[in-house]
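Here are two short exercises to work through with the model open beside you. Take each solution one step at a time.

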Amino acid sequence: MRAIRVASAALLGVGALALSAPAAVASGGGNITPFGFSVMPSTIAAGGQVTLQLDRDSGGCTGSATVSSGVFDTITIPGNRSSATAVVDWDAKPGAVYKVTFSCNGVSGSTDLTIATGRTTPTPQPLYPDRGVHAGEGGSVAGFDLKEIGLGAALIAGSVGAAYHFSRRRTGEDGA
C-alpha cells in the first residue's frame, strides 16, 4: 500500500515539474525550427502515455505533422490540432533515452524522451471508449417472448402442482 502512495506522489511530482519547465527547455531541446514542440512528460515508465505538443501559434507548422520515435508508433497530428497522445512500448529499456522527431512542412526537430527505471502495471484500455453503456432493457418489455413466458409459467405451475400432489398423498397415507 505504501508503494502505491510513493509511486503516485513521484508521478505527480514529475508531472508538475514537466508542466513548469521553461519554454526553451520544453520546446525541442535547442533545435532551431520555425515551430515549437514538446513531449510531456519527458520521463515516463514503459507502457505510459505521453502528450506530443506542437506550438502552432508561431505559424511555422501549418499542415499536418508527423512524430516518430523508436519507442512508440509514428503519430500524425492533423493541421487543425496542436497535440496528440502516444503510448510508450512495454518493451522500452528502463533508463534509456529515445529521440522523438517532429516533422512539419519539410522541417524536422527532435527532443529526448527518457524511460523511467520503475515499471508500472498495465492499465486496461476500454474496448469502445467513445460509446456509452447499453442499458435500460434488462427486465423490461424489451425481448418480450410469449413462448418463453408460457413455458416458464407451465414449469412453475407443474412444480407447484407436483408439490401439492405429493404433500396431499402423504397426509392421506398417514391417516389410514
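The model is predicted, and both exercises look at its side chains.

**Exercise 1. Is F37 buried or exposed, and how are the rings of F35 and F37 arranged?**

Step 1. Start with the surroundings. F37 has a relative accessibility of 2%, so with the limit for buried at under 20% it counts as buried. F35 is buried too, with a relative accessible area of 2%.

Step 2. Count the ring pairs. The structure has 2 aromatic pairs.

Step 3. Classify the pair of F35 and F37. The ring centres lie 6.0 Å apart, and the planes meet at 55°. Stacked needs under 30 degrees and edge-to-face over 60, so this pair is tilted.

Step 4. Widen the view. Ring pairs join F35, F37 and F102 into a cluster.

**Exercise 2. Which cysteines form the disulfide, and what parts of the chain does the pair tie together?**

Step 1. Find the bond. The structure holds 1 disulfide, formed by C61 and C104 with their sulfur atoms 1.9 Å apart. The cut-off is within 2.5 Å, so the pair qualifies.

Step 2. Place both ends. C61 sits in the loop between strand 3 (49-55) and strand 4 (65-69), while C104 belongs to strand 7 (residues 97-104), so the disulfide ties together parts that are 43 residues apart in sequence.

Step 3. Read the handedness. The torsion about the S-S bond of C61 and C104 is about 90°, so the disulfide is right-handed.

Step 4. Check exposure. C61 is buried at 2% relative accessibility, and C104 is buried with a relative accessible area of 1%.

Notes:
Residues numbered from 1 in each chain as written. Predicted model: local features only at pLDDT ≥ 70, side-chain atom pairs only at ≥ 80, totals over all residues. Heavy atoms only, no water. Phe/Tyr/Trp six-rings, centres within 6.5 Å; stacked < 30°, edge-to-face > 60°. Buried < 20%, exposed > 50% of the residue type's maximum accessible area, 1.4 Å probe, protein only. Helix = DSSP H or I, 4+ residues; strand = E, 2+ residues; numbered from the N terminus.
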